[in-house]
Amino acid sequence: MSAPVIIAAARSAIGTAGRSLAGVTADQLAGPVLAATLARSGLAPEDVSDVVLGNCMGPGGDVARSASLAAGLPVTVPALTVDRQCASGLAAIDVAASLVRGGARAALAGGVESVSTAPWRHWPPVDGADPVRYERAPFAPAGWDDPEMGVANDLLAHEAGVTRERQDEYAARSHARAVAAREAGAFDAEVVAVAGVTRDDRPKATLTVDKLARLRPAFRDEGSVTAGNSCGISDGAAAVAVVDAATHERLGVPGLRILATATAGVEPNRPGRGLVPATRIALQRSGIGLDDLDAIEINEAFAGQVLACCDELGVDPLRVCAEGGALALGHPWGASGAVLVVRLFHQLVGSSLPEVRSLEGRLGLAAIAAGGGQGVAMVVQAC
């Protein structure tokens with residue numbers, strides 16, 4: 001069976017919650033990104049068999065369907081919204097790849113999150129008391145250890161022996177890399193204007209290790225995770241076009257062949273580890289070793305979490321997110337996994353990586369952890 005191929009990839013700018021994209025709803029955010037991805041792919045709208053989008057905190061009602069219609073796709077094209085928490089965007093691309101393997105000619109997939117416009121919800125009132133605001137979804141059933149995400153990843157870093165100094169150094173480097181990439185125009189080809197916004201809000205040129213060292217722990221008094229070495233809560237959307245081998249050959253465009261994907265589970269109280277077993281399984285399925293990879297995009301939810309995972313996998317952190325990651329760009333939950341693939345597409349199919357080998361054959365890994373103790377990973381190859 002021929003492997004599915006990604007032939008186009010785009011994203012919105014990533015806005016810090018409450019800032020540049022604060023008034024843009026999820027479907028308004030994803031619609032232009034889907035439309036641009038379709039236009040870049042060379043596909044006709046009627047070629048698209050399905051639209052699959054990840055989303056965590058949207059208004060419900062099948063956000064993917066609403067975004068598909070906002071993008072101008074025919075009403076005959078169905079759409080599916082998936083929720084694997086922070087891994088939703090990458091899981092959506094995996095679902096699209098499965099649809100293509102099953103006979104679909106093409107699918108659009110990715111993710112979207114508009115934290116700024118997400119509805120407020122409340123638990124039903126009990127015994128006449130005022131309703132209580134629904135603050136977050138439970139990641140495990142009652143009776144299980146289910147810490148807040150920041151606490152869980154602070155504990156993960158502590159247990160893995162990741163020092164505060166390493167975390168601050170990693171976070172400062174992510175910002176510096178993202179700023180340098182932005183100024184060099186590395187994001188220009190992938191970012192679609194939404195509501196006139198084309199520039200990521202969060203990367204800071206002035207963020208240094210010294211400044212980060214002054215910040216107090218954010219989640220535990222004795223912890224090492226701070227607001228500075230954590231990702232930002234963000235709005236954003238990302239999408240790719242996935243096609244079968246015959247369509248790829250007919251269009252004659254460069255792309256990323258999806259060699260393998262994997263989804264795995266770990267203890268829910270340490271969700272940040274979820275990407276470790278997923279990465280190992282995806283690499284094993286693809287027959288690719290870590291040393292063979294030309295680009296590695298791991299979602300940077302917390303610097304300590306990324307470093308703990310890198311240490312466990314045996315990956316040099318310097319190889320991760322060469323142009324900055326979510327610590328600098330932001331973490332629009334339902335979209336972040338798709339953002340990783342968009343970044344890989346423009347690094348591997350574009351020209352932003354050093355010429356370590358010819359364009360064809362370059363290898364990349366996208367990996368992301370998710371609430372509930374899960375992880376998704378994908379191995380791709382330029383073709």
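Of the 383 residues in the protein chain, 58% count as buried, meaning under 20% relative accessible area, with exposed being over 50% and partly exposed in between (1.4 Å probe, protein chains only). The model is a predicted one, in which local features need pLDDT of at least 70 and side-chain atom pairs count only at pLDDT 80 or more, while totals for chains, interfaces and linings use all residues. Residues are numbered from 1 along each chain as its sequence is written, and side-chain values use heavy atoms, leaving out hydrogens and water.

As for overall build, the protein chain holds eleven helices and eleven strands; these are DSSP runs numbered from the N terminus (helices are H or I, at least four residues; strands are E, at least two). The C-alpha trace spans about 60 × 55 × 40 Å along its principal axes. The radius of gyration of the protein chain is 20 Å, which agrees with the value near 21 Å for a compact globule of 383 residues; this radius is taken over C-alpha atoms, and the globule rule is 2.2 Å times the number of residues to the power 0.38. Contacts (heavy atoms within 4.5 Å) reach far along the chain: among those between residues at least 6 apart in sequence, 80% join residues at least 24 apart.

Now to the inside. A nonpolar core here is a set of buried Ala, Val, Leu, Ile, Met, Phe, Trp, Tyr and Cys residues joined through side-chain atoms within 4.5 Å. The largest one has 79 residues, and those with the most contacts inside it are Ile6, Val51, Ile93 and Leu256. Helix H11 (residues 333–348) gives the most to this core, with eight residues. A second, separate core of 37 residues includes Leu307, Cys309, Val315 and Ala367. Back in the largest core, Ile93 is in contact with Ile6, Ala109, Gly110, Val240, Val242, Ile258, Ala338, Val341 and Met378, leaving aside neighbours within four places in sequence.

Helix H9 (residues 303–313) is largely enclosed by the rest of the structure, because nine of its eleven residues are buried. Among them are Gly304, Gln305, Leu307 and Leu313. The cover over the buried residues of H9 includes helices H4 (149–159), H5 (164–183), H8 (275–286) and H10 (326–329), along with strands S9 (295–298) and S10 (363–370). Tyr170 sits in helix H5 and, at 3% relative accessibility, counts as buried. Not counting neighbours within four places in sequence, Tyr170 is in contact with Glu300, Ala303, Val306, Leu307, Pro317, Val320 and Leu327. Just after H9, Gly314 takes a positive phi of about 80°.

Two other spots deserve a look for their backbone angles. Most residues other than glycine have a negative phi. Cys321, though not a glycine, has a positive phi of about 50°; it lies in the loop between H9 and H10 and is buried, with a relative accessible area of 1%. Gln85 also has a positive phi, near 50°, and belongs to the loop between strand S4 (79–82) and helix H3 (88–101). At 21% relative accessibility, Gln85 counts as partly exposed.

Finally, there is His248, in helix H7 (residues 245–251). His248 is buried, with a relative accessible area of 11%. Residues up to four places away in sequence aside, His248 touches Val5, Ile7, Val243, Val253, Pro254, Gly255 and Cys383.
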